[in-house]
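The following exercises concern a predicted model. Please examine the structure below before attempting each task.

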Amino acid sequence: MATFAASDGTTLAYRSIGAGDPLVCLPGGPMRDSAYLGDLGGLGAHRTLVVLDLRGTGRSAVPADVSTYRCDQMVDDVETLRRHLGLDRCDVLAHSAGANLALGYATRHPERVGRLALITPSTRALGLEATATLRREVTRVRAGEPWYPAAAAALDSMVSGPATADAWQAIAPFFYGRWDAAARAHQAVEPGQRNQDAARVFGAEGAFDPPATRAALAAHRGPVLLLAGEVDLGAPPGLVAQLAELAPGAELVVQPGAGHYPWLDDADRFTATVSTFLRFQPR
């Protein structure tokens, strides 16, 4: 792990994996220890992954001012990391809720962003929300799975009432392409990796400015990859397709059989898609 000082003095940590030009990687959760990303299915064979632990997560320090957990406030952390790395521009990969931070960074510092890869992205920063219909499209194809009845019942209960811890546990298979031992192990450590207090602040009032973010995305001239998982409950392909409509020239890829963590479901396919995108040279 390496560290640098954020603009407010908070010590932030990151790990570097692989070789080649740097690729800044922003985790989701929101506010989850970046350890869950692993090596992104071996993507480090193609680029040096600079994987940031967001403030208050992983090995990064807890800030003195907890309001700085808000997504828009953490944009400064990404910019400070870029300067720390000595990069004039940086390519950015962001997963899930991290896409909101990446889009916030591209909005405030458009000249500093090269390629932008958003993996099973959250779209809150753009004012887009997944409808029940979009979620049903990806859940009903899993009806033949042995865990489906309990997961479907739990999902229904969350729509009609409070989301309990038991309900969240029951729907976990909907976030993976295969509910196998690897998926269970990955999911089992999630509660201990997430800073719940920080997660509540991440999307607090004022965190997002959808009109400004939409305008910035429409004006972005660098290559954009939007990668959705075919059976992802968290970022259904139909929702990611709506995001693509806001990004002229964006490449939309739906990874077959993948859930919210496509590098776990098919590492070879995931790394082939992302590495090809990262090698693309725009005219």
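**Exercise 1.** Determine which exposed residues lie on the face of helix H6 turned away from its buried side, and which residues of this helix are buried.

*Solution.* Step 1: the face of H6 turned away from its buried side carries the exposed residues Ala181 and Ala188. Step 2: within H6, which spans residues 181-188, the buried residues are Ala183, His186 and Gln187. Step 3: viewed down the axis of H6, these buried residues fall within an arc of 95°, so they line one face of the helix. Step 4: the packing partners of the buried residues of H6 are helix H5 (165-170), helix H7 (190-193) and helix H11 (262-265).

**Exercise 2.** Identify what kind of peptide bond joins glycine 29 and proline 30, and locate proline 30.

*Solution.* Step 1: most peptide bonds are trans. Step 2: the bond between glycine 29 and proline 30 is cis, with omega about -5°. Step 3: proline 30 is placed in the loop between strand S3 (22-26) and strand S4 (48-53).

**Exercise 3.** Consider leucine 40 and serine 96. State the sign of phi for leucine 40 and for serine 96, and decide whether each is buried or exposed.

*Solution.* Step 1: most residues other than glycine have a negative phi. Step 2: leucine 40, although not a glycine, has a positive phi of about 55°; leucine 40 belongs to the loop between S3 and S4. Step 3: serine 96, likewise not a glycine, has a positive phi of about 55° and lies in the loop between strand S5 (90-95) and helix H2 (98-108). Step 4: buried means under 20% relative accessible area. Leucine 40, at 2%, is therefore buried, and serine 96, at 11%, is buried.

Key. Residues numbered from 1 in each chain as written. Predicted model: local features only at pLDDT ≥ 70, side-chain atom pairs only at ≥ 80, totals over all residues. Heavy atoms only, no water. Helix = DSSP H or I, 4+ residues; strand = E, 2+ residues; numbered from the N terminus. Buried < 20%, exposed > 50% of the residue type's maximum accessible area, 1.4 Å probe, protein only. Arc of directions from axis to C-beta. Contact = heavy atoms within 4.5 Å.
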